[in-house]
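Good morning, colleagues. I should like to speak briefly about salt bridges and one helix in the structure now coming up on the screen.

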Amino acid sequence: MSQSKRKTGCIASFSLILACTIVSGTAVHPSVTDAATAGFNYAEALQKSVYFYETQRSGKLPENNRVEWRGDSGLQDGADVGHDLTGGWYDAGDHVKFGFPMAYTSTMLAWSVYEYKDGYVKSGQLDEILDNIRWATDYFVKAHTAPNELWGQVGNGTADHNWWGPAEVMPMARPAYKIDAAHPGSDLAGEIAAALASASIIFRDSDAAYADKLLLHAKQLYNFADTYRGAYSDTITDAKQYYNSWSSYADELSWGGIWLYLATGEQTYLDKAIAASDLWGTNQAGDWGYQWTQSWDDKHYGAQLLLARITNDPKFIQSTERNMQFWTTGVNGTSDRVAYTPGGLAHLDQWGALRYAANQAFMAFVYADWVTDPVKKNTAQTFAERQINYMLGDNPRSSSYVIGFGANAPQHPHHRTSHGSWSDSQTTPANHRHVLYGALVGGPSKTDAYTDAISDYVSNEVATDYNSAFTGSLARMMMLHGQGQQPLANFPALEVREDEMFTETSVNASGSNFVEIRAVLNNRSAWPARSSSQLSFNYYLDISEAVAAGYGPGDITVKAGGYNQGATVSQLLPYDEANHIYYTKVDFSGTPIYPGGQSAYRKEVQFRIAGPLNTTFWDNSNDFSFKGVAANASSATKNPYIPVYDAGVKVYGELPSGGGTPGEPQVPGRPSGLQAEPGNASVALSWNAVSGATTYTVKRSLVSGGPYTAIGTSTTAVYSDSGLTNGVDYYYVVTASNSVGESTASVQAAARPREGSTPTTGALRVQYRTNDTSPGDSQIRSQFRIVNTGTEAIALSGLKLRYYYTVDGDKPQEFHCDYAQVGSGNVSGTFGKLSAPVALADSYLEISFAAGAGSLAPGADSGEIQVRFNKSDWTAFNENNDYSYGGTQATFADWNKVTLHRAGTLVWGLEP
């Protein structure tokens with residue numbers, strides 16, 4: 001796993017090693033090929049750079065999605081705060097949506113269309129760039145939920161970076177963070193105002209209504225930024241170690257004001273932009289900073305360039321020229337000049353070196369297109385062209401730094417989803433499963449050295465901000481040197497897909513009348529990655545030897561035993577009765593399997609197929625599925641003779657010959673998510689609907705495990721059982737049926753009706769959610785939030801929260817608090833036994849808080865509390881029969897099956 005990625009900003013000290021000699025104001029540049037003869041297809045480069053933003057999309061993807069390995073993701077973003085915050089871009093190789101660099105990126109892309117629209121038109125990329133900018137601005141509009149309220153980040157940096165897998169199956173909670181009048185962020189609000197205002201300009205001709213909408217939000221956000229001043233990273237503190245606002249907010253007040261002036265023509269915004277420049281940081285000589293460049297943090301470089309062009313004020317012109325000199329000839333009268341590599345790259349900083357050179361290249365292009373002095377124009381444009389060509393492959397390594405473009409391009413970027421790991425590991429698989437076309441990597445060292453390593457997040461990560469000004473520079477290169485060039489046709493090419501879902505099998509045991517198969521069902525999906533709770537497979541066998549001995553399919557039993565991570569097995573089902581071919585369906589319905597880690601991507605079952613005792617006819621050699629079974633129990637191998645089904649659709653494997661309709665299971669899958677809610681002399685049942693089912697049969701027993709008696713049917717996934725006796729435990733299962741047959745029974749649920757089953761409520765409430773999609777694994781993971789709806793502050797140290805469950809084997813247990821806003825060190829857990837165990841609970845976890853956790857103010861909540869616990873021997877739990885567990889509760893909501901005590905008195909919830 002990568003360490004936290006410090007994104008270098010505009011910091012106080014800019015001591016740089018000078019690598020070039022300056023003679024009479026003229027820089028000595030290393031030899032670099034002239035752009036006109038470099039031989040690069042700028043249309044293709046631009047096409048791919050724009051495409052990169054589609055690989056970074058979060059949310060519900062559109063019908064015209066071109067990235068075959070990307071699917072919907074982050075669909076619960078904002079649910080924890082009651083807002084729809086889906087959409088936007090993932091930041092880099094991670095999956096946090098950092099609003100600050102995202103907005104900067106959007107503004108820079110809009111600026112590039114504003115300046116160099118013809119470059120996009122000539123390369124056939126105008127619709128694509130507008131579509132990608134709109135993806136970001138739509139998200140910003142969603143995130144602006146009130147005039148002075150803006151959601152600036154989704155996802156916790158630490159939790160996100162501690163996991164390595166595809167965006168589509170993220171297992172961690174994704175909290176949302178905001179700024180408001182009481183907790184300001186002028187830089188964030190000002191940058192998003194700039195993004196929306198600049199976008200309103202480029203959308204004005206094609207969608208005036210949308211432009212008006214963007215401009216309305218931009219004006220409100222700028223007023224918010226200007227009125228309630230403060231740095232956003234002092235409010236959204238999780239962003240500090242990633243995107244701290246080093247330059248504070250004055251540059252964004254100028255930047256946002258400029259773009260609002262350009263969008264509206266209103267002098268007030270220009271006046272505010274100029275006034276804010278008085279607050280820009282200065283050096284000891286009183287000059288504005290010139291030893292950096294435009295970046296996600298510091299926008300005064302772009303602001304002064306635009307103000308110079310708009311106002312012709314000498315102070316903006318001189319500061320802009322000082323910055324241009326620093327990057328090219330050296331600052332007049334000083335020794336200040338950026339370091340150059342021997343191969344000609346202007347190397348400002350090792351972390352994302354190419355990003356800074358690309359940023360300054362775009363600035364140089366804009367400056368060159370405005371300035372009238374022919375020497376200054378040529379110096380700036382030549383610098384920009386040489387930097388961009390270096391990135392495309394004109395460098396000592398003769399290698400492109402743009403993935404999927406040119407010669408010897410990087411193949412191992414620090415990027416989770418394109419890597420496609422199923423096991424939460426940077427080393428599995430050894431090579432990336434997808435090509436991250438168009439992404440600009442961080443780049444080489446000051447000696448032009450570079451290693452293409454997935455673990456190197458300094459030199460080999462990618463990010464949306466890295467490509468922003470680079471994309472604009474390519475648009476300008478297209479205008480200058482791309483005459484007659486065309487983007488690639490039929491781009492992107494389809495990838496060669498690997499097997500995504502399959503079984504690995506081996507012989508676990510065998511005897512004269514049986515065979516026991518060890519089967520590991522894999523979900524290594526990547527086109528796109530996806531979780532499934534409806535996976536199954538069929539094991540086919542030929543029972544001709546049993547028939548010859550006078551036996552039939554009814555004499556052969558199939559049982560799951562030994563080790564089972566959530567499967568049910570059917571008795572033998574006919575496939576080709578005339579030739580005595582049968583199969584058992586091994587069904588993991590209700591058990592999520594997804595490419596998210598060692599315990600997530602594969603589930604094992606050991607099942608035994610046996611003839612009657614004391615018989616000796618058993619012969620595996622003629623069984624279709626057995627020919628792919630490894631003999632060594634510990635060396636299971638992929639078995640192509642065991643077809644795998646996802647929701648009844650075959651996704652892998654071969655079928656035996658014969659069988660008529662080739663083996664597509666028609667009987668509905670078993671119902672999952674059965675919940676039993678006790679009432680007064682009644683129980684309310686609910687479950688997940690099953691595809692293809694027309695009727696559900698509810699069965700009940702007074703004994704755990706049955707036998708069960710059918711008590712009713714339903715055509716929907718709910719049923720009410722009334723006329724019951726309070727204080728008695730009732731056990732339920734549900735089956736699904738259609739015209740073909742009846743499914744196996746669901747996992748059992750239980751409830752004990754009682755009088756007065758009314759939860760205790762008051763000023764305190766407990767909210768709950770779970771991201772534990774594996775109810776049969778060795779850990780219970782729950783997340784809580786305590787809300788104070790009263791009028792007095794309440795010390796958390798006086799509260800105790802209880803979560804009720806069945807221990808499933810009385811073993812010592814261990815408690816862990818993975819994250820708590822009040823501090824995980826202030827959260828402790830102990831385990832207790834119910835004096836009178838009930839069907840769904842014999843134990844409870846009691847969570848307490850130290851004094852350091854502080855108090856809950858009226859109207860406040862504790863913030864998220866993420867806990868988990870396990871048995872000391874790591875044996876499995878069965879959460880499906882736990883009182884407090886809510887397997888489908890993916891978002892925080894009031895949860896009365898968890899209780900809260902204050903000073904020993906029940907103040908929330910309903911005890912089992």
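**Salt bridges and a bent helix**

In this predicted model, Glu-504 and Arg-524 join their side chains in a salt bridge, with 3.7 Å from N to O. This pair connects distant parts of the chain, 20 residues apart: Glu-504 lies in strand S6 (residues 501-511), and Arg-524 in the loop between strand S7 (514-523) and strand S8 (535-542). By salt bridge I mean a side-chain nitrogen of Lys or Arg within 4 Å of a carboxyl oxygen of Asp or Glu. Strands (E, at least two residues) and helices (H or I, at least four) are DSSP runs, numbered from the N terminus.

Residues are numbered from 1 along each chain as its sequence is written. Local features need pLDDT of at least 70, side-chain atom pairs count only at pLDDT 80 or more, totals for chains, interfaces and linings use all residues, and side-chain values use heavy atoms, without hydrogens and water.

Are these partners buried or exposed? Glu-504 is buried, at 17% relative accessible area, and Arg-524 is buried, also at 17%. Buried means under 20%, exposed over 50%, and partly exposed in between (1.4 Å probe, protein chains only).

Asp-212 and Arg-204 form a salt bridge with their closest N and O atoms 2.6 Å apart. Here Asp-212 is partly exposed at 43%, and Arg-204 is partly exposed at 30%.

Finally, helix H2 (residues 99-122): 19 of its 24 residues are buried, so the helix is largely enclosed by the rest of the structure. Gly-124, which follows H2, has a positive phi, near 70°.
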